[in-house]
Amino acid sequence: MVIVTVNFTFEQQRWSHDFEVDKNSSIAQVKDAMLKPKGTQQDLDSFELQLLGRRVPDFEQVTEDCAFDFLYLGVNQGTEKAQIDRQDEARWGELQKPQHEAATRATGSRSSPAPEPKKEEAFYTAKPAPRPAGATGKGTASLAKRWEVVGGSDKGGILVREGQSTSSKQLQDRLSTGAVVQQLAVHGERLNYLRLSGTGPETGWVSLTISGKELLVEKKPSADEMLTLEQALSLQEDLMAGYGRTDFQQALAQIIQEHPEKSGHLFHKKRNDLFLTVQSVVLPRYGFEGTPKGVMQMMQAYGPHGQVPEVAWNNSELNKLLQF
């Protein structure tokens, strides 16, 4: 038997529940256990279990204690995703292999031959998915800074000039209040922009403040805007490189040796602290904080790419490196 921990979040509250299932149970069987004593197929399809921000297919198998995040989809979206899982099951045979090849240890007995000299421990080597067309570059560039116009509501917007100088030619139209612009350059309190929404000149120079009053405020990107597919794949590859280092794998093996049951507060703290040694270096390259909060933001940002086969493959490789 294995223990599957499911994390639930609702209205900023978070809790978890453990479910005991047979080893090598499918995700569909785990979901069925969550709905006991009785749940319909429609009930099963209406939610998904996620790992690192992506859907875990219903046919993927659980080989050891692990943890997933619960996400309610609703009947329509859930049924569509379940149908995709059933269609893709044949091509995802690789994901049904054990997620972790347990390290074998020689045990002596009276009938056993003399032990061979100890060999250097071999760790799993991850293989990133081949890049799809249109996402072949190294996408580490973060999203360009965006601003929202908050001033000029009583005048139909804010003044726009052709050049950086406040004495350069004033354009006829104003940049409307509520418009969102992309930063092209900034010099002191002067912003050169490209308009993304709203009305007014497509490009020009505006003042960020006037007489101490803000005319534009920085607009933080949503989770969906944080990662392009190219960036998502690059981030996964960078994490693979960090998690695949010998020193990282040795440290992870030591933690598991100290906590073979892979459970308990101390085990999870040690393991998460170790994960963060890599995440704190990689995540800031892609605009996320190198903190547990940044990890959660990254997982949310992967949402739009959760059904991309290459992203799912890379997540499976990451799971093997982390011995989930």
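**A tour from strand 11 to the main core**

Start in strand 11, where T203 is the bridge partner of L194; strands, like helices, are DSSP runs numbered from the N terminus (E, at least two residues, for strands; H or I, at least four, for helices). The model is predicted, with local features needing pLDDT of at least 70 and side-chain atom pairs pLDDT 80 or more, while totals for chains, interfaces and linings use all residues. Residues are numbered from 1 along each chain as its sequence is written, and side-chain values use heavy atoms, with hydrogens and water left out.

Now select strand 10 (residues 190-195) together with strand 11 (residues 203-207), which pair in the antiparallel sense over 5 bridges; pairing requires that DSSP finds at least two bridges between two strands. Next add strand 9 (residues 180-187), joined to strand 10 by 6 bridges and running antiparallel to it, with H187 opposite R190. These two strands form a hairpin with 2 residues between them, and G188 in the turn has a positive phi of about 60°.

Move on to the largest nonpolar core, which has 49 residues, and select F68, L235, L239 and M298, those with the most contacts inside it. Such a core is a set of buried Ala, Val, Leu, Ile, Met, Phe, Trp, Tyr and Cys residues joined through side-chain atoms within 4.5 Å, where buried means under 20% relative accessible area (1.4 Å probe, protein chains only). Helix 5 (residues 229-243) gives the most to this core, with 6 residues.

Finally, select L235, which, leaving aside neighbours within four places in sequence, is in contact (heavy atoms within 4.5 Å) with L227, V282, Y286, F288, M298 and Y302.

Conventions. Buried < 20%, exposed > 50% of the residue type's maximum accessible area, 1.4 Å probe, protein only.
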